[in-house]
Amino acid sequence: MAMTKSDTIWMNGKLVPWDQAQVHVLSHVLHYGSSVFEGIRAYKTPSGPAIFRLADHIERLAYSAKIYRMKTPYTQQQIEQACLETVAANKLDECYIRPLVYRGYSHVGVNPIGTPIDVAIAAYPWGKYLGDDALTKGVSVKIGTWARMAPNTLPAMAKAGGNYLNSQLLKLEAVEDGYSEAIALDTNGYVSEGSGENLFLVHKGELITPPMHNSILAGITRASVVTLAKELDIPVREMVIPREMLYIVDELFFTGTAVEITPITSVDKVTVGNGEVGPITKALQKAFFGIVKGEVADRHHWLTKVPRTVAAAS
């Protein structure tokens, strides 16, 4: 999928032209994956563009940086303001936002001490991650042969660039085998998550999702779905999930900034439910998109409106 350029990218406190947003080839991040990042969506609403759960995403960015001992030179409030500035400057009604904190150019050695901590924020148009029909027709997935990181190897709670080498292997395998996506198991063989998505099962009217200790990222869309499910009186439970349970559930779906709420209609060529998008998935999609698109009241205060002109972050 070709990337659609916007006009500018925010880098270390200023907006620079898209094609000039560059790093040195010997930057630490290029050699060792030493970055943390977020994926955030801004949605088009009747009152203008609004960013979904901006403060929560930037808080998680700060947590990821702290885990990797990266002292960010900007406060969370400054990074939030920079996100708003970047969307406004590029005159985007809806977009994907990528804040990135990374170790820059100083020396090439595994020891990161002394490398500068740089911050960049891009905002650009981006459609449906798994295809235009994914939300309405669902996707086919496979169980990946690559397991998620074992505890105390890499921190799954951090949304770090290096962690996504594992995700790339899962995704490449799935696509080459004819699937849209993969589901990863943890090192004990229990269900973890997708290559870049959290996972929910529906079984006998109950919504089930793997807990944190199954090497999952604490997803913000995941947390939002739990909130919405409780409002809809859908029972929700975290549970360690054996692989074979994926073959007998009534519904199955991914959640995440990129995929939003995307149904899964088959796993390893085994049909999920009746092979169509299920009623609980549809109800959660309706509740979610109603809020983010401004069609119903933002009762949880999840949206941050983007002013047409925003003061520069400093």
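A disulfide is a pair of cysteine sulfur atoms within 2.5 Å. With that cut-off in mind, and remembering that this is a predicted model, begin the tour at the cysteines.

**Stop one: Cys-83 and Cys-95**

Select Cys-83 and show its sulfur: the closest cysteine sulfur, in Cys-95, lies 9.5 Å away, which is too far for a bond. Cys-95 is likewise in no disulfide, its nearest cysteine sulfur being that of Cys-83, and a search of the whole structure finds 0 disulfides. Cys-83 is buried, with a relative accessible area of 0%, and Cys-95 is buried as well, with a value of 3%.

**Stop two: helix 3**

From Cys-83, extend the selection to helix 3, which covers residues 76–89. At 1.5 Å a residue its 14 residues should span 20 Å, and its end C-alpha atoms are 20 Å apart, so the expectation and the model agree. Colour the helix by accessibility, and the buried residues will be Ile-79, Glu-80, Ala-82, Cys-83, Leu-84, Glu-85, Thr-86, Val-87 and Ala-88. Just after the helix, pause at Lys-91, whose phi is positive, at about 55°.

**Stop three: the nonpolar cores**

Which residues have the most contacts inside the largest nonpolar core? They are Ile-51, Val-87 and Ile-97, in a core that has 27 residues. To see where this core comes from, show strand 4 (40–45), helix 2 (54–67), helix 3, strand 6 (95–103) and strand 7 (117–124), the elements that give two or more residues to it. Helix 3 gives the most, with 6 residues. In soluble globular proteins, nonpolar side chains tend to be buried together.

Now centre the view on Ile-97 and display its surroundings: leaving out residues up to four places away in sequence, Ile-97 touches Glu-38, Gly-39, Ile-40, Ala-42, Ile-51, Cys-83, Val-87, Ile-121, Ala-122 and Ala-123. A second, separate core of 23 residues can be picked up by selecting Ala-50, Phe-52, Ala-229 and Ile-234, which are among its members.

**Stop four: salt bridges**

A search of the whole structure finds 13 salt bridges, including the ones visited here. Start with Arg-53 and Asp-56, whose side chains meet in a salt bridge at 2.8 Å, N to O. In this pair Arg-53 is buried, with a relative accessible area of 15%, whereas Asp-56 is partly exposed, at 29%.

Move next to Arg-148 and Glu-193, which form a salt bridge with their closest N and O atoms 3.1 Å apart. This pair links distant parts of the chain, 45 residues apart, with Arg-148 in the loop between strand 8 (139–143) and helix 5 (164–176) and Glu-193 in strand 10 (residues 191–194). Arg-148 counts as buried at 5% relative accessibility, and Glu-193 counts as buried at 7%.

Then select Arg-222 and Glu-238, where the side chains meet in a salt bridge of 2.8 Å, N to O. Here too the pair links distant parts of the chain, with Arg-222 in helix 6 (residues 220–231) and Glu-238 in strand 13 (residues 236–238), 16 residues apart. Is each partner buried or exposed? Arg-222 is buried, with a relative accessible area of 8%, while Glu-238 counts as partly exposed at 47%. To finish this stop, select Lys-142, Glu-173 and Asp-177, which are joined into one network by salt bridges that share partners.

**Stop five: Asn-198**

Return to Glu-193 and follow its side chain to that of Asn-198, to which a polar contact of 3.5 Å joins it. Asn-198 is found in strand 11 (residues 198–203) and is buried, with a relative accessible area of 6%. A polar atom of the Asn-198 side chain also lies 3.4 Å from the backbone nitrogen of Gly-219. Beyond residues up to four places away in sequence, Asn-198 touches Glu-193, Ile-216, Leu-217, Gly-219, Arg-222, Phe-253, Phe-254 and Thr-255, a list that includes the salt-bridge residues Glu-193 and Arg-222.

**Last stop: Val-25**

Finally, select Val-25, in the loop between strand 2 (14–17) and helix 1 (28–32). Val-25 is exposed, with a relative accessible area of 57%, and its contacts, leaving aside neighbours within four places in sequence, are Leu-30 and His-31. For a sense of scale, draw a C-alpha to C-alpha distance from Val-25 to Ile-79: the two are 54 residues apart in sequence and 25 Å apart in space.

How values were computed. Residues numbered from 1 in each chain as written. Predicted model: local features only at pLDDT ≥ 70, side-chain atom pairs only at ≥ 80, totals over all residues. Heavy atoms only, no water. Salt bridge = Lys/Arg side-chain N within 4 Å of Asp/Glu carboxyl O. Buried < 20%, exposed > 50% of the residue type's maximum accessible area, 1.4 Å probe, protein only. Helix = DSSP H or I, 4+ residues; strand = E, 2+ residues; numbered from the N terminus. Expected span 1.5 Å × (residues − 1). Polar contact = N/O pair within 3.5 Å; in protein donor to acceptor, adjacent residues only side chain to side chain. Contact = heavy atoms within 4.5 Å. Core = buried A, V, L, I, M, F, W, Y, C linked by side-chain atoms within 4.5 Å.
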